[in-house]
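Hi everyone, thanks for coming. Please pull up the model on your screens and keep the sequence beside it, so that we can look at it together.

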Amino acid sequence: MFTGLWARRVALECRPATLAKLPAQGWSRFLHKATSKSALAGTAAPSCTQSWQRHTNLSSFRRAFTLRAATPRRSFDPRFFSANAAQAQAVAGELPVLSPPAVGGWLLASAGLVFAVIVVGGITRLTESGLSITEWKPITGVLPPLSRAQWEEEFEKYKATPEFKLLKHSITLEEFKGIFFWEWSHRVLGRIIGIGFVVPLAYFALRKRLTASLPKHLTAMAFLIGAQGALGWYMVKSGLEDSLMETPGAVPRVSQYRLAAHLGTAFVLYAGMFGTGLSAIMDWRYANKGWWGGYKDSNVKWQEILANPHVRRFARGTKVLTALVFLTALSGAFVAGLDAGLLYNEFPLMGGRLAPPADELFDPAYAKSPDRSDIWWRNIFENPTTVQFDHRCLAIGTYAATALMYAATFNPALRAVLPPLTKRMAKSAFAMANVQVLLGISTLLYLVPIPLAAAHQAGSVMLLTTMIHLLVSLRRPGAAARAWRQALQNAKKTT
């Protein structure tokens, strides 16, 4: 095949009018083929080389060839698999853009930063550091106070907050520096996430390295990162309001609603980045090697697997379970916002019974409407006893559902068709659910110590991670990956 291709190119390149129309990248391939063939045949190549020298400067060409050789080439270029170069070039132009592994790696690294900011945010809340910085300065706020005068200025601003006046009026400057550090670290990490996401996004978009569906999704994530910063300040602002000083029994802390929105947005960002990055890497592997779902056989019939009724039913169940994991984690934000973990520090009972009394779960004191029509939802979101009870029920339900999902993988009919990666992720999800339950119970029994509580929040992210990985393992390859895989297979058939 290559001999015929070389012969046709020799005849073509010897005509100056045709030579001018050749793409620059074709010259180096022609010289390589012409030189190698002349060494073997010694017939047509010399005359063609003379014609070539009449129309190009050899030294300039050698420099261009050296630069071209040093440039990394795509792992799959269909032009090398067809005897008709022009037709193959047209085929390559018709193929959609397939994101390289670098895109997936960048998204997974961004997800790692979001994971870190969630954990640091949890520590910031547990150490009651979230109200230590009383201003929002997106640019100049990157630098912490550097002199004693600057520290004194920040400390004076903190002294004007309800938290200092009601709870921490005896705090010293050195103690203030400790809580300032956590809030400052949390905010700086957020800025790093923004820069580390937007700059590579612009680069990959300008270089046209993103699959067709990615730009709009990633742009939405970029806007969500910016909105997350504003939402974070909106949350902090709720704990700085002077009205707290006038409310009997009020505790200076941020609104549990805003805290849940802030944490929920972080979970959505993490899930989007992790799932998209993992999908990009798996698409690349499928397009180049045919690997899918943990199978390393290029002939795997993934269409038949995904069409199997048992697999479809299992996939629907895992989606519901993933939503339940997210809802349970979100309910934990209400527990944290209301310090509900400091009540009923026992398990599985609450005050010696499975559930607190009904009049405690739905206390009329939390109703604000004259007809008390809001007693249900206000107790669910504002009563610490009810919030903890709800979190317990959701956690137990999540654990039971995870156990059932894992047990289902041992059904012979399902196990015979489930991809290996799906079975591994189901096992990982059940293992992580066990760890998360142990962390939650320990946190409750030991009165919410910071290390255990922070690990419990990190565990919720890890459980969500295993569920997302499980969902991706049952995802069909993207349209671009399927097109490239088909083109590669067709090219191999012609060789």
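I'll walk through the backbone, then the core, then a cavity, and then the charged pairs.

One thing before we start: what you see is a predicted model.

Let's begin with the backbone. Find F347 and P348, please. The peptide bond joining these two is cis, with omega about 10°. If you wonder where that is, P348 sits in the loop between α14, residues 309-337, and α15, residues 358-361.

Next, go to K208. Its phi is positive, about 55°, although K208 is not a glycine. You will find K208 in the loop between α10 (173-206) and α11 (214-238). Is K208 buried or exposed? K208 counts as exposed, because its relative accessibility is 63% and the cut-off for exposed is over 50%.

R372 also has a positive phi, this one about 60°, and R372 is not a glycine either. Look for R372 in the loop between α15 and α16, where α16 covers 375-382.

Now let's go inside. In soluble globular proteins, nonpolar side chains tend to be buried together. In our model, the largest nonpolar core has 71 residues. Which of them touch the most other members? Those are W106, F197, L218, M273 and M405. Helix α12, residues 256-289, gives this core its largest share, with 12 residues. There is also another core apart from this one, with 10 residues, including W151, F155, I171 and F176.

Let's zoom in on M405. Leaving out neighbours within four places in sequence, what is M405 in contact with? On the list are F314, T318 and L321, then A426 and A429, and then M467 and L470. Try colouring those residues and you can see the surroundings of M405 for yourselves.

On to empty space. Rolling a probe the size of a water molecule over the atoms shows where empty space is left. How many cavities of 30 Å³ or more does the count give? It gives 1. The space in the largest cavity is about 70 Å³.

Who lines it? From the lower residue numbers we have M282, D283, Y286, W291, W292 and G293, and further along the chain V472, S473, R475 and P477. Two helices, α12 and α20 (450-473), each supply at least two of the lining residues. Helix α12 gives the most, with 3 residues. You met α12 a moment ago, as the helix with the largest share of the largest core. Sorted by class, the cavity lining has 6 nonpolar, 2 polar and 2 charged residues.

Last topic: charged pairs. Side chains of opposite charge can pair when their charged atoms come close. The count here comes to 13 salt bridges, and I've picked three for you.

The first is E128 with K168, whose closest N and O atoms are 3.8 Å apart. This pair links distant parts of the chain, with the two residues 40 apart. E128 is in the loop between α7 (101-126) and α8 (148-159), while K168 is in the loop between α9 (162-166) and α10. The partners differ in how they are placed: E128 is partly exposed, at 40% relative accessible area, whereas K168 counts as buried, at 13%.

The second is E382 with R378, and here the closest N and O atoms are 2.9 Å apart. Both residues lie in helix α16, 4 residues apart, which is about one turn of the helix. Are they buried or exposed? E382 counts as buried because its relative accessibility is 14%, and R378 is buried with a relative accessible area of 14%; the cut-off for buried is under 20%.

Elsewhere, salt bridges with shared partners join E135, K137, E153, E154 and K157 into one network. My third pair belongs there: E135 with K137, with closest N and O atoms 3.3 Å apart. E135 is partly exposed at 29%, and K137 is partly exposed at 37%.

Let's stay with E135 for a moment. E135 lies in the loop between α7 and α8. Setting aside residues up to four places away in sequence, E135 touches K157, R187 and W233. And how far is E135 from K237? In sequence they are 102 residues apart, yet in space their C-alpha atoms are 8.8 Å apart.

That's my tour. Thanks for listening!

Conventions: Residues are numbered from 1 along each chain as its sequence is written. This is a predicted model: local features need pLDDT of at least 70, side-chain atom pairs count only at pLDDT 80 or more; totals for chains, interfaces and linings use all residues. Side-chain values use heavy atoms; hydrogens and water are left out. Buried means under 20% relative accessible area, exposed over 50%, partly exposed in between (1.4 Å probe, protein chains only). A nonpolar core is a set of buried Ala, Val, Leu, Ile, Met, Phe, Trp, Tyr and Cys residues joined through side-chain atoms within 4.5 Å. Contact means heavy atoms within 4.5 Å. On a 1 Å grid over the protein atoms alone, a cavity is a set of points where a 1.4 Å probe fits but cannot get out, and a pocket is an open set with protein on both sides within 12 Å along at least five of seven lines; lining residues have an atom within 4 Å of a point. Grid points are joined across faces, edges and corners, and a volume is the space filled by probe spheres set on the points. Ala, Val, Leu, Ile, Met, Phe, Trp, Tyr, Cys and Pro count as nonpolar, Asp, Glu, Lys and Arg as charged, and the others, Gly among them, as polar. A salt bridge is a side-chain nitrogen of Lys or Arg within 4 Å of a carboxyl oxygen of Asp or Glu.
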